[in-house]
Amino acid sequence: VRLNQSVALARAPFYFRMDADDVMHPDRIAVQYDELKRRSGDIVIGSAAYSIDIHNRVVGLRPAPNALAACRKLKAAFIHPTVAGPTDWFRRNPYSESFVFHRSQDIELWRRLAHCTPYLNLTEPLLYYREVGNFSVEKYIGTELGLLYLASLSERLPWFEWVRRLAGEAVKLVGTIALQRTSLHSWVVTRRSMPLSDAQLENAELGLTRVLAQELPVKAYSGAVRS
């Protein structure tokens, strides 16, 4: 609901998605804006991202996925907070507000529009994606149930195949909960990322330092001041 509300409130020709717990690379808007202007028309553009933990430490590189291949496999076509596109496109194609997709609304949207919208992922990391140290079992369950429901809408499978999938999800859930109680879970999350060379790490940390040192503007909202 809030994603659609943010689109409705947007006044610029392009909409740049981002989540509150992530950090935008200082070059992100310039790079994606230039690409959107160069290609024009309906297109959604994402990028690779640096993986960071809750202490703002860079732990690796998350490569950008192959968008169309990911859609076919019910995977994320984009690292979701990296996407940008024409604001009008997001207004015409809102995120699903169905509760069943409350944790997988991005994947549902990308799959729904893959047949008529060009998707592009830039290999350059343009976001610091916070994913190490903030795992939630509730969010994990919500995501997996949403993906199963999405699969049920698009795939005609016999009942025993659905039983097999549900059993597999149950095993994954038990294993995930068990890992969360140990230090191994952060290791598993970190394994999703590629290691960085010393030069790449130095460059990533430089960009992050620039952003974190930026003083935030202060604006009054309904009598309250928020920074």
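This text walks through a predicted model, from the whole protein down to single residues.

Start with the overall count. The secondary structure comes to nine helices and eight strands. The protein has 227 residues, and 41% of them count as buried. Its exposed surface is about 13,500 Å², with carbon and sulfur atoms supplying 57% of that area. Now take the contacts with a sequence separation of 6 or more. Residues 24 or more positions apart account for 74% of them.

Next, the interior. The largest nonpolar core has 17 residues. Those with the most contacts inside this core are V44, F78, W89, F90, W110 and Y119. Several helices feed the core: α1, α3 (67-72), α4 and α5 each supply at least two residues. Helix α5 gives the most, with three residues.

V44 shows how parts of the chain meet here. Leaving out residues up to four places away in sequence, V44 touches F78, V83, A84, W89, W110, T117, P118, Y119 and L120. Apart from this core lies another one, of ten residues. Among its members are V23, A48, V58 and L196.

Now turn to the N-terminal helix, α1, which spans residues 2-9. Which of its residues are buried? They are L3, N4 and V7. Seen down the axis of α1, these buried residues fall within an arc of 95°, so they line one face of the helix. The spacing fits a general rule. An α-helix has 3.6 residues a turn, so residues three or four places apart point the same way. The face of α1 turned away from the buried side carries the exposed residues R2 and L9.

What covers the buried residues of α1? The cover includes strand β1 (14-16) and the helices α4 (87-92) and α5 (105-113). Both of these helices, α4 and α5, also appear among those that each supply at least two residues to the largest nonpolar core.

Finish inside α5, at a charged residue. D106 lies in this helix. Is D106 buried or exposed? Its relative accessibility is 8%, so D106 counts as buried; the cut-off for buried is under 20%. Setting aside residues up to four places away in sequence, D106 touches R17, H80 and Y95. Helix α5 thus holds the buried D106, helps cover the buried residues of α1, and gives the most residues to the largest nonpolar core.

Technical notes. Residues are numbered from 1 along each chain as its sequence is written. This is a predicted model: local features need pLDDT of at least 70, side-chain atom pairs count only at pLDDT 80 or more; totals for chains, interfaces and linings use all residues. Side-chain values use heavy atoms; hydrogens and water are left out. Buried means under 20% relative accessible area, exposed over 50%, partly exposed in between (1.4 Å probe, protein chains only). Helices (H or I, at least four residues) and strands (E, at least two) are DSSP runs, numbered from the N terminus. The arc is that of the directions from the helix axis to the C-beta atoms. Contact means heavy atoms within 4.5 Å. Accessible areas come from the Shrake-Rupley method with a 1.4 Å probe; for residues, only the protein chains shown count as cover. A nonpolar core is a set of buried Ala, Val, Leu, Ile, Met, Phe, Trp, Tyr and Cys residues joined through side-chain atoms within 4.5 Å.
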